[in-house]
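Okay, thanks for coming, everyone. I'll keep this short and just walk you through what I found. Let me put it up on the screen.

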Amino acid sequence: SISPMFVRGKGVIPMSQVIQSGPQAGRVVLVWSDLNPIFSFPPPDFDTTVVSQVSTDYGQTWSAPVPVHGLHPSFQFHPWMGRDPVRGDLYVGYYDTRQDPGNAATTWNLAASADGVTWTSSLVVSQAPSNAGFAGGNDMLEYNGVSVVDGCVYTCWADNSNFTGDNPDGALAPDGFDVLTSVLMLDPFDN
C-alpha cells in the first residue's frame with residue numbers, strides 16, 4: 001500500500017507500445033510503477049516510481065529500467081502511455097505526490113520520449129492537487145489515459161481538486177472524483 005492509494009495499493013499496470021518508424025523502429029517500450037531504487041519509506045508505504053524498459057529484439061531481452069521522471073522521495077504511480085502515430089513520440093501520464101510534503105495529494109503529470117529511454121522533464125497538467133484520502137479511500141483507480149496524434153496530446157485523469165469549479169461535490173469531498181481532460185499541443189523534439 002502507498003499513502004495516496006491506501007485502499008487499493010500501488011496498482012502495477014504495465015503499458016506497452018511499439019515504435020513503428022524512424023531510427024527506433026521495432027523498439028518495444030514497456031512502462032509501469034515499481035519500487036523506487038534510491039528512496040524508500042518504511043513498510044507499508046513503499047516508495048514507487050514510474051519506469052520504462054526497452055527491447056530491441058522483440059522482447060527476448062530488456063534494458064535496465066529507467067525512471068520516466070527525476071527520482072524523488074515521493075510516489076509516482078498509475079502510468080498510462082500513448083504513442084504519436086505521426087511523429088513517433090511516446091507520452092506517459094502518471095500521478096505524482098512530490099508537491100505534497102505528506103505524500104498524499106497528487107498531481108497528474110506528463111513526460112515525453114523519442115526512444116523510451118530518455119524522457120523530458122515532467123509537465124504538471126492538473127491545475128491543483130487531488131487527495132484520495134478525502135474520498136473515503138475511493139482511490140484514483142485507473143481513470144486515466146493518454147492519446148496522441150501529430151503533437152496533440154489528449155489526456156484524462158481522476159481529480160477531486162475542483163479547480164474547474166464545476167464538481168457538484170466540491171473540492172476534496174468524499175466520493176467527489178471527476179474525470180478531467182486536457183488537450184495539449186506539444187512538440188518536445190522539434191518534429
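Let me start with a question for the room: is Cys152 buried or exposed? Have a look while I say that this is a predicted model. Right, so Cys152 has 10% relative accessibility, and because the cut-off for buried is under 20%, Cys152 counts as buried. Cys156 comes out at 23%, so that one goes down as partly exposed. And for anyone thinking about disulfides: a search through the whole structure turns up zero.

Next, the sheet. We have an open sheet of four strands here, and the order is S5-S6-S7-S8, with antiparallel pairing. Who's at the edges? That would be strand S5, residues 76-83, and strand S8, residues 123-124. Each of them has a single partner strand, so one side of each is left without a neighbour in the sheet. As a quick reminder, strands of a sheet pair through backbone hydrogen bonds, either parallel or antiparallel.

Now look at S6, which covers residues 90-96. How many bridges join S6 to S7? Seven, and the two strands run antiparallel. If you want one to find on the screen, take Gly93: its bridge partner in S7 is Leu110.

Stay with those strands, since this brings us to the aromatics. The count of aromatic pairs comes to three. One pair is Tyr95 with Trp108, and it's edge-to-face, with 4.9 Å centre to centre and 65° between the planes. Tyr95 sits in strand S6 and Trp108 in strand S7, 13 residues apart, so to speak a link between distant parts of the chain. Both Tyr95 and Trp108 are buried. Zoom out a bit and you get a cluster, where ring pairs link Phe77, Tyr95, Trp108 and Trp157.

Last thing: the cavity. The structure holds one cavity of 30 Å³ or more, and the volume of the largest cavity is about 30 Å³. What lines it? Among the lining residues are Tyr95, Trp108 and Trp157, along with Thr106, Ser126 and Asp159. Two elements give two or more residues to that lining, namely strand S7, residues 107-113, and strand S10, residues 152-159. S10 gives the most, with three residues. Sorted by class, the lining has five nonpolar, four polar and one charged residues.

That's my tour. Happy to rotate the view if anyone wants another look.

Conventions. Residues are numbered from 1 along each chain as its sequence is written. This is a predicted model: local features need pLDDT of at least 70, side-chain atom pairs count only at pLDDT 80 or more; totals for chains, interfaces and linings use all residues. Side-chain values use heavy atoms; hydrogens and water are left out. A disulfide is a pair of cysteine sulfur atoms within 2.5 Å. Buried means under 20% relative accessible area, exposed over 50%, partly exposed in between (1.4 Å probe, protein chains only). On a 1 Å grid over the protein atoms alone, a cavity is a set of points where a 1.4 Å probe fits but cannot get out, and a pocket is an open set with protein on both sides within 12 Å along at least five of seven lines; lining residues have an atom within 4 Å of a point. Grid points are joined across faces, edges and corners, and a volume is the space filled by probe spheres set on the points. Ala, Val, Leu, Ile, Met, Phe, Trp, Tyr, Cys and Pro count as nonpolar, Asp, Glu, Lys and Arg as charged, and the others, Gly among them, as polar. Two strands pair if DSSP finds at least two bridges between them. Rings of Phe, Tyr and Trp (its six-membered ring) pair if their centres lie within 6.5 Å; planes under 30 degrees apart count as stacked, over 60 as edge-to-face and the rest as tilted.
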